[in-house]
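Ready for a few warm-up exercises? Take a look at the chain below, then work through each task before reading its solution.

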Amino acid sequence: MVNPLIMQPSKIVAVHLNYASRAAQRGRIPDFPSYFLKPPSSLSGDGTPVVRPRGCELLTFEGEIALVIGEWTRRVPRERAWSRVRWVTAANDLGVYDLRYADRGSNVRSKGSDGFTPVGPRLLDARELDPAALRLRTWVNGQVVQDASMDELCFGFDLLVADLSRLMTLEPGDVILTGTPAGSSVVRPGDLVEVEVSAGAMCTGRLRTPVLDDEVELDPIGAMPRADAEARIAAFGPAAAPFAAPAIAKDVLDTLRRVSTATLSSQLRKRGLQGVTLDGLRPTRPELRLVGVAQTLRYLPLREDLFPARATGMNAQKRAVEEIQPGEVLVIEARGEPHAGTIGDILALRAARRGAAGIVTDGAVRDSAAIAELDLPVYCAAAHPAVLGRRHVPWEIGVPIACAGALVAPGDLLVGDADGVLVVPPALAADVAADAAEQERQERFIAEQVAAGESIVGLYPIGPAWQAAYEQWCGREAGS
């Protein structure tokens, strides 16, 4: 495949973790850099599509800064290491997490496929730029998903070159992929990923990589794709499924869409669950039903000295929206603070376009009229025009939160209607849905009898005297 490098590298060396934001997502700060190799045959250039192998669903992008070595380098001291870098460019370290289990650590098949290392489109002369001024940005379908400076590097680029050259010879043309910040996630056929590296007025331009699906089935010779819970967590990040909640069958979800929250609340109370309602929230569209899996976002009180580091660039709020998956509900803890917005119309629209099932916040929404026009269930405590920085600092995603008085964990089910919204523990969902459907069936029978003039004595709830009549009524309803 065509790539813009001046010479074909003998090797591509990639760093596992090198940005503090990414390390925080992974839950570990490395003591020293660790690496893996990608084959030169994985190189491609600007505009070349990446083909997702058939059977895979967890294709991820990783916007990175690529260093191109300019001369033979062996045991170079750190103070002279940057002088061995000739070019700097943008790169995308693509991979399929469906195959990561097969070559754990080495990433041979998961990241070594043809076209999985796009670079370009232009090379920046390393001798004419200050490496401390480099900036990395990534877009997916026109939306910024990564924006990082060199301030959050765990290991400087000079250290990487010096470290690698201690034990191996870096040859002219060799490429070092220097790691990716937070914001990396899954992309699908039809998406467009763009990566750009700049340093002051110097800029690589956007490296464009359209995503396609392979037309050829993967030959079942070796390891086959496997998108299990572990792979999803690794691909999407901690918000994917940290509690490994059981998959919810479609018929259970369909039942939950039909029964009321009042009925569900009754069934959950019978099971000893009293604190599952999210109190004090109102729907922007009472006629819309909400059913989906919780993904969480937590705000902390505003502290001006921490706000710039936490709220700028691809902060937790934007990551939560960009990582939301079809059928998921973005649940926001804002400590019940109604005097500043927690989400506005643009981010709500983006969540809707990504297939979100809804948004729930115990704070305020901005642009409430525009949000109410979206075909998206949204529950909030208030409407307020003020922006995020008035009361809140976006802090973290994918953790258990307290929203409107209820504990909500990632993977919980959220169900809402005009009466409000509540949590259904996923392990109980099937039984609760079945019993709720039966309760509402009985209540329809009871309502018919009451409408016909019957007393509620012995009827509500159904007693022995009405049992036979109810069973006959059920038979007629089933046959109609």
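**Exercise 1.** How many residues does helix α12 have, and how far does it reach from its first C-alpha to its last?

Solution. Keep in mind that this is a predicted model. Start with the ends: α12 covers residues 429–451, which makes 23 residues. Next, take the reach, which is 32 Å. Finally, hold that up against the 33 Å expected at 1.5 Å a residue, and you'll see the two are close.

**Exercise 2.** Find which elements the buried residues of α12 pack against.

Solution. First pick out the buried residues, among them Ala429, Val432, Ala433 and Ala436. Then look at what they pack against: helices α6, α7 and α13, plus strands β29 and β30. Just past the end of α12, you'll also meet Gly453, with a positive phi of about 105°.

**Exercise 3.** Work out which strands stand at the edges of the open sheet of three strands.

Solution. Write down the order, β8-β5-β13, with antiparallel pairing. Now count partners: β8 and β13 each have a single partner strand, so each has one side without a neighbour in the sheet. To check the β5–β8 pairing, look for its two bridges; Thr60, for instance, has Gly95 as its bridge partner in β8.

**Exercise 4.** Which parts does the salt bridge between Lys11 and Asp174 tie together?

Solution. Begin with the contact itself: the side chains meet at 2.7 Å, N to O. Then place both residues: Lys11 sits in the segment before β1 and Asp174 in the loop between α4 and β12, so the pair links parts 163 residues apart in sequence. Lastly, check burial: both Lys11 and Asp174 are buried.

Notes. Residues are numbered from 1 along each chain as its sequence is written. This is a predicted model: local features need pLDDT of at least 70, side-chain atom pairs count only at pLDDT 80 or more; totals for chains, interfaces and linings use all residues. Side-chain values use heavy atoms; hydrogens and water are left out. Helices (H or I, at least four residues) and strands (E, at least two) are DSSP runs, numbered from the N terminus. The expected span of a helix is 1.5 Å times one less than its number of residues. Buried means under 20% relative accessible area, exposed over 50%, partly exposed in between (1.4 Å probe, protein chains only). Contact means heavy atoms within 4.5 Å. Two strands pair if DSSP finds at least two bridges between them. A salt bridge is a side-chain nitrogen of Lys or Arg within 4 Å of a carboxyl oxygen of Asp or Glu.
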